[in-house]
Amino acid sequence: MKIPLTILLSAALIATSSSAIIARMLPDIHPVVIAFWRVVIAGAFLWLYSGFVPQGSIKPEKRGTVVFAGMLLGIHFACFFQALKLTTIANATLFCALPPIFTALAEKFILKRTWNRNIIWGLAIAFSGLAIVFSNQLNLGDNHKAGIYFAILASVIISAVWLLSEHIRKLTKSVVYTRSLFLSASLPLILLALVNNQNIFNVGCVDIAWLTALGILPTVLGHGLYYHVIKYIRPTVVASVQLGEPVVAVIFAFIIFSEPVTAVWILGGTITLSGLVLITSNQ
């Protein structure tokens, strides 16, 4: 039975949105160490799964591209964490939400594809919702510019990962691709951990349990579904769905931690999700 892509994208959005909640359970672990174990555990799980259910292998001519895409993914994480250090969470979150703009531009001017009206209007609506959500939290002062630049760089880099993933997935199974992608992403994170004098092995038993959950739920399941679906729909659509992560994460926080949800969040979140519905319709 074929599952509609809209359902797969919705499941991916819910799964990836859990990463913020799970990360809350790791307050004493450096973000770079969290990211490192997240991708390593995800890659190891998929390689283990491949041992029980053979998946084939990457074509030799694609291996270098897969490793390159994986390292870009790791650098994306590094830039995002650097942005969090240099600016506010709101700034980092919003300016890391720009990938669908960059993928849309790449599809139009590099891949020579026509722009879909639903996608363009959906993006406008979704970003309007996010602007409302973060309206009272943004800070564009000079002391935040460096962090904003790192967040924008993170958006550019992950956009390249989505475009490369579409190309690679045309002839590569999703598990075969993601198992190498995630492990390759760990390489830049190892270097970053060394630069920050972080011991990647300084984690407790409870931490390991939460890191495993982080590697399986939002990474293997969430990102795995994104990389599965990208074979069939545009990278811009896949990148756009992630705009809903801040909204879904707040819903999770309300349910699990009883964190208050303001009227501004409800309005902006509703607008953002409405934009995502328009983007994914008839795709």
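## Exercises on an all-helix chain

Residues 24 or more positions apart make up 91% of the chain's contacts with a separation of 6 or more. Keep in mind that this is a predicted model.

**Exercise 1.** Work out which kinds of secondary structure the chain has, and check its radius of gyration against the globule rule.

*Solution.* Start by counting: there are 12 helices and 0 strands. Next, take the rule, which gives 19 Å for 283 residues. The chain's own radius of gyration is 18 Å, close to that figure, so the chain is as compact as a globular protein of that length. Along its principal axes, the C-alpha trace spans about 50 × 45 × 35 Å.

**Exercise 2.** Check whether the length of helix 11 agrees with 1.5 Å a residue.

*Solution.* Helix 11 covers residues 245–257, which is 13 residues. The expected span is 1.5 Å times one less than the number of residues, so you should get 18 Å. The end C-alpha atoms are 17 Å apart, and that agrees. Just after this helix, S258 takes a positive phi of about 60°.

**Exercise 3.** Find the buried residues of helix 11 and say what covers them.

*Solution.* Buried means under 20% relative accessible area. In helix 11, that picks out E245, P246, V247, V248, A249, V250 and A253. Their cover includes helix 1 (5–23), helix 9 (205–229) and helix 12 (263–280).

**Exercise 4.** Explore the largest nonpolar core, starting from W37.

*Solution.* This core has 77 residues, and W37 is among those touching the most other members. Helix 2 (residues 31–52) gives the most to the core, with 11 residues. Now skip the neighbours within four places in sequence: W37 is in contact with I200, F201, V203 and L211.

Technical notes:
Residues are numbered from 1 along each chain as its sequence is written. This is a predicted model: local features need pLDDT of at least 70, side-chain atom pairs count only at pLDDT 80 or more; totals for chains, interfaces and linings use all residues. Side-chain values use heavy atoms; hydrogens and water are left out. A nonpolar core is a set of buried Ala, Val, Leu, Ile, Met, Phe, Trp, Tyr and Cys residues joined through side-chain atoms within 4.5 Å. Buried means under 20% relative accessible area, exposed over 50%, partly exposed in between (1.4 Å probe, protein chains only). Helices (H or I, at least four residues) and strands (E, at least two) are DSSP runs, numbered from the N terminus. Contact means heavy atoms within 4.5 Å. The radius of gyration is taken over C-alpha atoms; the globule rule is 2.2 Å times the number of residues to the power 0.38.
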